[in-house]
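The following paragraphs give a guided reading of the structure shown below. Please keep the sequence and the coordinates in view while reading.

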Amino acid sequence: MVTGCSRFGENAVPETLGWLRGTVAAPHRRVGNLPAETTSLVGRRGELARVRRLCARYRLVTLTGVGGVGKSRLALRAAAQLRAQFPDGVWLVQLSALQHGALLGHAIAGALGLADPTLRPMGEVLTDYLAGRRLLLVLDTCEHLVEECAETAEMLLEAAVGLRILATSRQSLDVPGERVLVVGPLPVQNRRPPWAGVMTRWRCFAIARPRWSPVLR
Ligand SMILES: Nc1ncnc2c1ncn2[C@@H]1O[C@H](COP(=O)(O)OP(=O)(O)O)[C@@H](O)[C@H]1O
Ligand SMILES: [Mg+2]
């Protein structure tokens, strides 16, 4: 027996209570465990559109790039924008603190709020639960467990046709069908004030006519 009930986030809707809430729930209820953003997102409009497009077409999309470039932030915002397309939710699996690849299945089950009291292998529990559901998993920070993430992603995607995965990792998972988007740094803002050009021209004028320089410099 597998039940789904998130332990995380205010937006989560425990699945076991879903049918009870059916009559009163808002039509666009948010299912999942995405955390609310606490700071505003700078830029990334183009990248967000690209991630949404890729996720609409492909079942495994990986955002790669150097540490701190903004992969997780971009993935979380894109996932939030994709919520309407996944009636069974958008679920974040934060892997940065996970040290053992053997526990990956448990981490995913934990994020989904699955409780399985039997001794079945975790892979079976997950595929059983995900089969027939339309759901987005965000596997965040895969780089230290790339092999395990690749293996698990492949297995879950094969077993559950309605599943899509958005991963972030410093390197790609290298799974057949994966699409990679390399996240680059944000462009540096040009902080030159609009009147800077005028000042430069005045300075040139002052150098050419020293008599004016005390006034213009
Ligand atoms: N576009 C952005 N706007 C505002 N803050 C950002 C943006 N991208 C990244 N950050 C912030 O920079 C830090 C590193 O970003 P993060 O997404 O964790 O990087 P990565 O996942 O590539 O290591 C975080 O504190 C994050 O909130
Ligand atoms: Mg990250």
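In this predicted model, the largest nonpolar core comprises 48 residues, and those with the most contacts inside it are Val93, Leu137, Val138 and Leu166. Helix α4 supplies the largest share of this core, with 6 residues. As a general background, nonpolar side chains in soluble globular proteins tend to be buried together. Valine 138 illustrates the surroundings of one core residue: when its neighbours within four places in sequence are left aside, valine 138 is in contact with Ala75, Ala79, Val90, Trp91, Leu92, Val93 and Leu166.

The strands may be considered next. Five of them form an open sheet; its 5 strands follow the order β3-β5-β6-β2-β7, and their pairing is parallel. Strands β3 (90-94) and β7 (178-182) occupy the edges, and because each has a single partner strand, one side of each is left without a neighbour in the sheet. From one strand to the next, the twist averages 20°. Within the sheet, strand β5 (residues 135-140) and strand β6 (residues 163-168) run parallel and are joined by 5 bridges. Leucine 136 is positioned opposite arginine 164 of β6.

Helices pack against these strands. Helix α3 (residues 71-81) packs on the sheet and touches β2 (60-64), β3, β5 and β6. The direction of α3 makes about 155° with that of β6. Helix α6 (residues 146-159) lies across β2, β5 and β6, and runs at about 165° to β6.

Helix α3 also bears on the ligand. Which element gives the most to the shell around ligand 1? It is α3, which contributes 3 residues. There are 15 residues around ligand 1, of which Val42, Gly70, Lys71, Ser72 and Arg73 come nearest. Sorted by class, the shell around ligand 1 consists of 4 nonpolar, 8 polar and 3 charged residues.

Helix α4, already met as a contributor to the core, spans residues 104-112 and contains histidine 106. Is histidine 106 buried or exposed? Histidine 106 has 15 C-beta neighbours inside 10 Å, and therefore counts as partly exposed; a buried residue would need 20 or more, and an exposed one 12 or fewer. Histidine 106 and methionine 122 are separated by 16 residues in sequence, while their C-alpha atoms are 6.7 Å apart in space.

Key. Residues are numbered from 1 along each chain as its sequence is written. Chains are lettered from A and ligands numbered from 1 in the order in which they are written. This is a predicted model: local features need pLDDT of at least 70, side-chain atom pairs count only at pLDDT 80 or more; totals for chains, interfaces and linings use all residues. Two strands pair if DSSP finds at least two bridges between them. Helices (H or I, at least four residues) and strands (E, at least two) are DSSP runs, numbered from the N terminus. Axes are lines fitted to C-alpha atoms, for helices over the stretch in contact, and angles run from 0 to 180 degrees between N-to-C directions. Two residues are in contact if their C-beta atoms, placed from the backbone, lie within 7 Å. A residue is near a molecule or strand if its C-beta atom, placed from the backbone, lies within 6 Å of it. Ala, Val, Leu, Ile, Met, Phe, Trp, Tyr, Cys and Pro count as nonpolar, Asp, Glu, Lys and Arg as charged, and the others, Gly among them, as polar. A nonpolar core is a set of buried Ala, Val, Leu, Ile, Met, Phe, Trp, Tyr and Cys residues joined through C-beta atoms within 7 Å.
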